[in-house]
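Please open the structure in your viewer and keep the sequence panel beside it, since this tour moves from one selection to the next. At each stop, make the selection first and then read on to learn what is there.

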Amino acid sequence: EGKVYRKEELPLVMGTELLVGMGFLSSGVRSVRGIGLPRAAVTGAVLLNFGLLQFTGSRLGVSELAIPGLIILIGLSDAVHLLHRFEEALTAGLEKRAAVVHMCKDVGMACFITSLTTAVGFLSLLIADHAPVREFGIKAAVAVLVTFVVTVTTIPLGLSLCRARRAALPRLPGMHRIKYGKGRLVTTCFIAVMGLAAWGISDV
(Lines give C-alpha, C1' and ligand atoms only; values in the text may rest on other atoms or scores of the structure.)
Protein backbone atom coordinates (compact mmCIF):
# COMPACT_ATOMS: atom_id res chain seq x y z
CA GLU A 1 0.00 0.00 0.00
CA GLY A 2 1.13 3.52 -0.70
CA LYS A 3 2.00 5.54 2.37
CA VAL A 4 0.54 9.02 2.92
CA TYR A 5 2.96 11.00 5.03
CA ARG A 6 1.75 12.96 8.06
CA LYS A 7 1.98 16.70 8.63
CA GLU A 8 4.82 16.13 11.09
CA GLU A 9 6.88 14.67 8.24
CA LEU A 10 6.43 17.73 6.03
CA PRO A 11 9.80 19.36 6.96
CA LEU A 12 11.62 16.10 6.16
CA VAL A 13 9.86 15.74 2.80
CA MET A 14 10.48 19.38 1.86
CA GLY A 15 14.11 19.16 2.96
CA THR A 16 14.63 16.07 0.85
CA GLU A 17 13.07 17.74 -2.19
CA LEU A 18 15.29 20.80 -1.74
CA LEU A 19 18.42 18.67 -1.36
CA VAL A 20 17.62 16.67 -4.48
CA GLY A 21 16.90 19.85 -6.44
CA MET A 22 20.09 21.49 -5.22
CA GLY A 23 22.00 18.35 -6.14
CA PHE A 24 20.86 18.64 -9.74
CA LEU A 25 21.68 22.35 -9.74
CA SER A 26 25.16 21.85 -8.31
CA SER A 27 25.89 19.25 -10.99
CA GLY A 28 25.10 21.75 -13.72
CA VAL A 29 26.58 25.06 -12.51
CA ARG A 30 29.73 26.24 -10.77
CA SER A 31 28.51 29.44 -9.16
CA VAL A 32 27.14 30.27 -5.75
CA ARG A 33 24.43 32.37 -7.38
CA GLY A 34 23.34 29.44 -9.55
CA ILE A 35 22.69 27.34 -6.46
CA GLY A 36 21.85 29.86 -3.75
CA LEU A 37 19.35 32.07 -5.60
CA PRO A 38 17.01 29.23 -6.65
CA ARG A 39 17.12 27.89 -3.09
CA ALA A 40 16.25 31.32 -1.69
CA ALA A 41 13.42 31.77 -4.19
CA VAL A 42 11.67 28.46 -3.53
CA THR A 43 12.19 28.68 0.23
CA GLY A 44 10.65 32.14 0.27
CA ALA A 45 7.76 30.96 -1.89
CA VAL A 46 7.03 28.02 0.42
CA LEU A 47 7.10 30.24 3.53
CA LEU A 48 4.90 32.87 1.92
CA ASN A 49 2.35 30.32 0.78
CA PHE A 50 2.16 28.76 4.24
CA GLY A 51 1.84 32.24 5.67
CA LEU A 52 -1.12 32.92 3.39
CA LEU A 53 -2.76 29.66 4.48
CA GLN A 54 -2.29 30.63 8.11
CA PHE A 55 -3.55 34.19 7.52
CA THR A 56 -6.69 33.01 5.76
CA GLY A 57 -7.34 30.32 8.37
CA SER A 58 -7.20 27.52 5.78
CA ARG A 59 -6.74 24.00 7.03
CA LEU A 60 -3.78 21.89 5.99
CA GLY A 61 -5.29 18.66 4.76
CA VAL A 62 -3.70 15.62 3.17
CA SER A 63 -4.01 16.99 -0.37
CA GLU A 64 -2.40 20.31 0.58
CA LEU A 65 0.74 18.45 1.62
CA ALA A 66 1.53 18.13 -2.09
CA ILE A 67 1.70 21.91 -2.55
CA PRO A 68 5.26 22.43 -1.17
CA GLY A 69 6.62 19.94 -3.69
CA LEU A 70 4.70 21.74 -6.43
CA ILE A 71 6.18 25.07 -5.35
CA ILE A 72 9.72 23.69 -5.30
CA LEU A 73 9.33 22.11 -8.74
CA ILE A 74 7.88 25.19 -10.43
CA GLY A 75 10.10 27.66 -8.58
CA LEU A 76 13.30 25.80 -9.44
CA SER A 77 12.25 25.47 -13.09
CA ASP A 78 11.61 29.20 -13.46
CA ALA A 79 14.79 30.07 -11.58
CA VAL A 80 16.92 27.82 -13.79
CA HIS A 81 15.46 29.35 -16.96
CA LEU A 82 16.12 32.87 -15.70
CA LEU A 83 19.66 32.15 -14.53
CA HIS A 84 20.53 30.24 -17.71
CA ARG A 85 19.51 33.23 -19.81
CA PHE A 86 21.47 35.55 -17.53
CA GLU A 87 24.64 33.48 -17.96
CA GLU A 88 24.13 33.47 -21.73
CA ALA A 89 23.84 37.26 -21.72
CA LEU A 90 27.09 37.57 -19.74
CA THR A 91 28.79 35.24 -22.19
CA ALA A 92 27.60 37.45 -25.04
CA GLY A 93 29.44 40.39 -23.46
CA LEU A 94 26.65 42.26 -21.68
CA GLU A 95 27.43 43.86 -18.34
CA LYS A 96 25.52 42.68 -15.28
CA ARG A 97 22.66 45.19 -15.28
CA ALA A 98 22.04 44.79 -19.00
CA ALA A 99 22.17 41.01 -18.59
CA VAL A 100 19.50 41.13 -15.85
CA VAL A 101 17.23 43.30 -18.02
CA HIS A 102 17.79 41.03 -21.01
CA MET A 103 16.99 37.98 -18.85
CA CYS A 104 13.68 39.44 -17.67
CA LYS A 105 12.63 40.49 -21.17
CA ASP A 106 13.61 37.22 -22.80
CA VAL A 107 12.37 34.66 -20.27
CA GLY A 108 10.08 36.55 -17.89
CA MET A 109 7.02 36.38 -20.14
CA ALA A 110 7.58 32.69 -20.88
CA CYS A 111 7.72 31.93 -17.14
CA PHE A 112 4.57 33.98 -16.58
CA ILE A 113 2.62 32.17 -19.30
CA THR A 114 3.78 28.82 -17.93
CA SER A 115 2.68 29.71 -14.41
CA LEU A 116 -0.61 31.19 -15.60
CA THR A 117 -1.58 28.15 -17.65
CA THR A 118 -0.61 25.87 -14.76
CA ALA A 119 -2.77 27.90 -12.38
CA VAL A 120 -5.70 27.81 -14.80
CA GLY A 121 -5.27 24.05 -15.04
CA PHE A 122 -5.60 23.73 -11.27
CA LEU A 123 -8.60 26.07 -11.24
CA SER A 124 -10.34 23.65 -13.58
CA LEU A 125 -10.76 21.48 -10.48
CA LEU A 126 -13.51 23.90 -9.43
CA ILE A 127 -15.95 21.86 -11.49
CA ALA A 128 -15.32 18.82 -9.27
CA ASP A 129 -18.12 17.64 -7.00
CA HIS A 130 -15.76 16.94 -4.10
CA ALA A 131 -15.21 20.02 -1.91
CA PRO A 132 -11.62 19.12 -0.81
CA VAL A 133 -10.65 18.75 -4.47
CA ARG A 134 -12.01 22.23 -5.23
CA GLU A 135 -10.13 23.65 -2.27
CA PHE A 136 -6.93 22.02 -3.42
CA GLY A 137 -7.38 23.49 -6.91
CA ILE A 138 -7.70 27.01 -5.52
CA LYS A 139 -4.77 26.66 -3.12
CA ALA A 140 -2.55 25.11 -5.77
CA ALA A 141 -3.39 27.86 -8.28
CA VAL A 142 -2.59 30.56 -5.73
CA ALA A 143 0.63 28.76 -4.80
CA VAL A 144 1.75 28.65 -8.44
CA LEU A 145 1.15 32.38 -8.97
CA VAL A 146 2.75 33.34 -5.67
CA THR A 147 5.78 31.21 -6.56
CA PHE A 148 6.10 33.01 -9.88
CA VAL A 149 5.99 36.43 -8.22
CA VAL A 150 8.57 35.44 -5.60
CA THR A 151 10.89 33.89 -8.20
CA VAL A 152 10.84 36.78 -10.68
CA THR A 153 11.57 39.24 -7.89
CA THR A 154 14.12 37.21 -5.91
CA ILE A 155 16.30 36.20 -8.87
CA PRO A 156 16.78 39.70 -10.40
CA LEU A 157 17.25 41.22 -6.94
CA GLY A 158 19.84 38.62 -5.99
CA LEU A 159 21.69 39.03 -9.29
CA SER A 160 21.78 42.81 -8.89
CA LEU A 161 23.40 42.41 -5.47
CA CYS A 162 25.95 39.70 -6.36
CA ARG A 163 29.28 40.25 -8.07
CA ALA A 164 28.73 38.73 -11.49
CA ARG A 165 31.42 39.98 -13.85
CA ARG A 166 31.64 36.86 -15.99
CA ALA A 167 29.51 33.86 -16.83
CA ALA A 168 29.72 30.78 -14.62
CA LEU A 169 31.18 27.73 -16.33
CA PRO A 170 28.99 24.60 -16.47
CA ARG A 171 30.17 21.52 -14.58
CA LEU A 172 28.92 19.01 -17.12
CA PRO A 173 30.78 18.83 -20.46
CA GLY A 174 28.79 20.04 -23.43
CA MET A 175 26.28 22.02 -21.33
CA HIS A 176 27.33 25.25 -23.03
CA ARG A 177 25.91 23.90 -26.31
CA ILE A 178 22.37 23.89 -24.88
CA LYS A 179 21.07 27.38 -25.65
CA TYR A 180 17.75 29.05 -26.31
CA GLY A 181 16.83 29.09 -29.95
CA LYS A 182 17.80 25.46 -30.57
CA GLY A 183 14.72 24.62 -32.60
CA ARG A 184 15.63 21.04 -33.50
CA LEU A 185 16.62 20.17 -29.93
CA VAL A 186 13.40 21.63 -28.51
CA THR A 187 11.27 19.87 -31.14
CA THR A 188 12.99 16.53 -30.55
CA CYS A 189 12.56 16.77 -26.77
CA PHE A 190 8.92 17.82 -27.21
CA ILE A 191 8.16 14.85 -29.45
CA ALA A 192 9.90 12.48 -27.03
CA VAL A 193 7.96 13.82 -24.04
CA MET A 194 4.63 13.74 -25.88
CA GLY A 195 5.33 10.18 -27.04
CA LEU A 196 6.05 9.13 -23.46
CA ALA A 197 2.88 10.88 -22.30
CA ALA A 198 0.80 9.18 -24.99
CA TRP A 199 2.22 5.81 -23.97
CA GLY A 200 1.38 6.54 -20.33
CA ILE A 201 -2.16 7.69 -21.13
CA SER A 202 -2.80 4.44 -22.98
CA ASP A 203 -2.18 2.57 -19.72
CA VAL A 204 -4.47 4.74 -17.59
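The tour goes from the whole chain to its cores, then to its charged side chains, and ends at the surface.

**The whole chain**

Before selecting anything, keep in mind that this is a predicted model. Show the chain as a cartoon and follow it along the sequence, where the pattern reads α-α-α-α-α-α, so that the secondary structure comes to six helices and zero strands. Of the 204 residues of the chain, 33% count as buried. If you switch on the surface, its accessible area comes to about 12700 Å², and carbon and sulfur atoms account for 69% of that area. Among the contacts in the chain with a separation of 6 or more, 77% are between residues 24 or more positions apart.

**The largest nonpolar core**

Now select Ile67, Leu70, Ile71, Phe122, Phe136, Ala140 and Val144, which are the residues with the most contacts inside the largest nonpolar core, a set of 18 residues. Helices α2, α3, α4 and α5 are the elements that give two or more residues to this core, and α5 gives the most, with seven residues.

Which residues does isoleucine 71 touch, leaving aside those up to four places away in sequence? Display the side chains around isoleucine 71 and you should find Val42, Ala45, Val46, Asn49, Ala143 and Thr147. From isoleucine 71, go on to threonine 43, which lies in helix α2. The two residues are 28 apart along the chain, and their C-alpha atoms are separated by 9.0 Å. Threonine 43 counts as partly exposed because its relative accessibility is 30%, a value that falls between the 20% limit for buried and the 50% limit for exposed.

**The second core**

Next, select Leu82, Leu90, Ala99 and Ile155, which are included in a second, separate core of 17 residues. Centre the view on leucine 90, a residue of helix α3. Is leucine 90 buried or exposed? Its relative accessibility is 8%, and therefore leucine 90 counts as buried. If you draw a distance from the C-alpha atom of leucine 90 to that of histidine 102, which is 12 residues away along the chain, the separation is 10.0 Å.

**A network of charged side chains**

Side chains of opposite charge can pair when their charged atoms come close. A search of the whole structure finds two salt bridges, and arginine 85 takes part in a bridge with glutamate 88 as well as in one with aspartate 106.

Begin by selecting arginine 85 and glutamate 88, whose side chains meet in a salt bridge with an N to O distance of 3.1 Å. Both residues lie in helix α3, three residues apart, which is about one turn of the helix, and both are buried. For arginine 85, the relative accessibility is 12%, which is why it counts as buried.

Then add aspartate 106 to the selection, and look for its salt bridge with arginine 85, where the N to O distance is 2.7 Å. This pair links distant parts of the chain, since arginine 85 is in helix α3 and aspartate 106 is in helix α4, 21 residues apart. Aspartate 106 counts as partly exposed because its relative accessibility is 43%. With all three side chains on display, you can see how salt bridges that share partners join Arg85, Glu88 and Asp106 into one network.

**A buried aspartate without a partner**

Stay in helix α3 and select aspartate 78. Aspartate 78 is buried yet has no salt bridge, and the nearest side chain of opposite charge, that of arginine 85, is 14 Å away. Which residues does aspartate 78 touch, not counting those up to four places away in sequence? They are Cys111, Ser115, Phe148 and Thr151.

**A nonpolar patch on the surface**

For the last stop, return to the surface view and colour Leu48, Leu52, Leu123, Leu126, Ile138 and Val142, which make a nonpolar surface patch of about 450 Å². Helix α2, spanning residues 32–56, and helix α5, spanning residues 131–161, each supply at least two residues of this patch. Finish by picking out leucine 123, whose place is in helix α4, residues 96–123. Leucine 123 counts as partly exposed because its relative accessibility is 37%.

Terms used:
Residues numbered from 1 in each chain as written. Predicted model: local features only at pLDDT ≥ 70, side-chain atom pairs only at ≥ 80, totals over all residues. Heavy atoms only, no water. Patch = residues over 30% accessible without salt bridge, like charges linked within 9 Å, V, L, I, M, F, W, Y side chains within 5 Å. Areas by Shrake-Rupley, 256 points an atom, 1.4 Å probe, with all protein chains shown as cover. Salt bridge = Lys/Arg side-chain N within 4 Å of Asp/Glu carboxyl O. Helix = DSSP H or I, 4+ residues; strand = E, 2+ residues; numbered from the N terminus. Buried < 20%, exposed > 50% of the residue type's maximum accessible area, 1.4 Å probe, protein only. Lys, Arg positive; Asp, Glu negative; His and termini not counted. Contact = heavy atoms within 4.5 Å. Core = buried A, V, L, I, M, F, W, Y, C linked by side-chain atoms within 4.5 Å.
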